[in-house]
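Me: I should like to learn how to read the main features of a protein model. Could we go through them one at a time?

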Amino acid sequence: MSGAGLPRRLARGGFEALARLDGATQFSRHYPDESNAVLAYHAVGEPAGYGNVSVDRFRRDLDYLTDAFEVVDLPAVLEAGGEKRVALTFDDAYDDFYENALPVLREYRVPATLFVPVAFVGGCPDGYAYRFARSPVDHEAFNDPAAFVDESVRDPGVMSWDRLREVAADPLVTVGTHTRTHLDLARVRDRKTLEDEIVGARDELEDRLGVAVDRFCYPFGRYSEAAVDVVRESHAMAVTSERGVLSDPEAADAYRLPRVRAHEPTHRVRFDLSGLRWRLTELVG
Ligand SMILES: [Zn+2]
């Protein structure tokens, strides 16, 4: 084990203990931290799956967020002078965003960004459902559907173009690109594929929905420098799956924005949002 490994592991266990204590005592609310943050949601509804939060939980989240923060549209978390701002993002454009999340967003009148995997809109292409059920971390040949032909995986349930048009027309929702085929960008070697998955996907969204699209989300939070370059040439900002808050929004890399995982236990999400965790991380190194 390296010299830094043990303190880091101790710190992770300590953060969980602190987060639980915070859940019971709310001590972090007294900690003067003015960080902004981006929250990463996936599915909203039942039954609970990966990244899923229930509608009740989502409502409680919004009660808390609208009370403790200013809930803003994504670009506003990067603005100078804005403090304690959070932006909501939803990955994968599932039907339950339309059915469960959007009515609550309207009720609370808060904005959100919805990241769309374009090839899955209106129906999953044959043999590609695994891209929402398996992880590229575990599969060297993740981008090759032939490696997954024997797997039975359920259709991810991305919404239709009709629903997406209705969603995109709502002033509270901004649509962003989540590639065409939800592939592992970190393993793409040729520029043509990167351009089709990043710029081509954006162009199709703009054409079909009649809106401007300038926000991007890396599937699985994975990317290469070449992928970031193509995103930078075609979009105004991009979110990753790296955990973190924006303690210095103006200094943040707009093409690698960290996020807080909204589906984790409530005490954990609130502790992460407090910013205290990240300051302690810096201390531990
Ligand atoms: Zn995704």
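Reply: Certainly. Please keep in mind that this is a predicted model. A point to begin with is burial: Asp-92 is buried, and His-178 is buried as well.

Me: Which residues are the protein donors of the zinc ion?

Reply: The zinc ion is held by Asp-92 through OD and by His-178 and His-182, each through NE2, at 2.0 to 2.1 Å. Along the chain these donors follow the spacing D-x85-H-x3-H. Asp-92 and His-178 link distant parts of the chain, being 86 residues apart. Asp-92 belongs to the loop between strand 3 (85–91) and helix 3 (95–108), whereas His-178 belongs to the loop between strand 5 (173–177) and helix 5 (191–209).

Me: Which residues touch the most other members of the largest nonpolar core?

Reply: That core has 52 residues, and those with the most contacts to other members are Phe-58, Leu-65, Leu-88, Phe-90, Phe-97, Leu-114 and Leu-273. Helix 3 is the greatest contributor to this core, giving six residues. Leaving aside residues up to four places away in sequence, Phe-58 touches Tyr-41, Val-44, Val-53, Phe-90, Ala-101, Val-104 and Leu-105. There is also a second, separate core of 27 residues, with Leu-78, Val-188, Ala-238 and Leu-246 among them.

Me: How should one read a helix that has buried residues? Which residues are buried in helix 6?

Reply: One asks where the buried residues lie around the axis. In helix 6 (residues 225–234), Ala-227, Val-228, Val-230, Val-231 and Ser-234 are buried. These residues lie on the same side of helix 6 because they cover an arc of only 160° around the axis. Their cover includes helix 5, strand 6 (215–217) and strand 7 (237–243).

Me: What describes the packing of two helices?

Reply: Two packed helices are described by the angle between their axes and the distance between the axes. For helix 5 and helix 6 the angle is about 35° and the axes are 10 Å apart. Their crossing is right-handed. On the helix 5 side, the residues in contact are Arg-191, Leu-194, Glu-195, Ile-198, Val-199 and Arg-202. They meet Ala-226, Ala-227, Val-230, Val-231, Glu-233 and Ser-234 of helix 6.

Me: Why is Ser-135 classed as partly exposed?

Reply: The class follows from the relative accessible area, and partly exposed lies between the limits of 20% and 50%. Ser-135 is partly exposed because its relative accessible area is 25%. This residue, Ser-135, sits in the loop between strand 4 (112–116) and helix 4 (161–168). Ser-135 and Phe-220 are 85 residues apart in sequence, yet 7.7 Å apart in space from C-alpha to C-alpha.

Terms used: Residues numbered from 1 in each chain as written. Predicted model: local features only at pLDDT ≥ 70, side-chain atom pairs only at ≥ 80, totals over all residues. Heavy atoms only, no water. Donors = N, O, S within 2.8 Å, 3.2 Å for Na, K, Ca; no water. Helix = DSSP H or I, 4+ residues; strand = E, 2+ residues; numbered from the N terminus. Buried < 20%, exposed > 50% of the residue type's maximum accessible area, 1.4 Å probe, protein only. Core = buried A, V, L, I, M, F, W, Y, C linked by side-chain atoms within 4.5 Å. Contact = heavy atoms within 4.5 Å. Arc of directions from axis to C-beta. Axes fitted to C-alpha atoms, helices over the stretch in contact; angles between N-to-C directions. Left-handed = near helix turned anticlockwise from the far one by under 90°.
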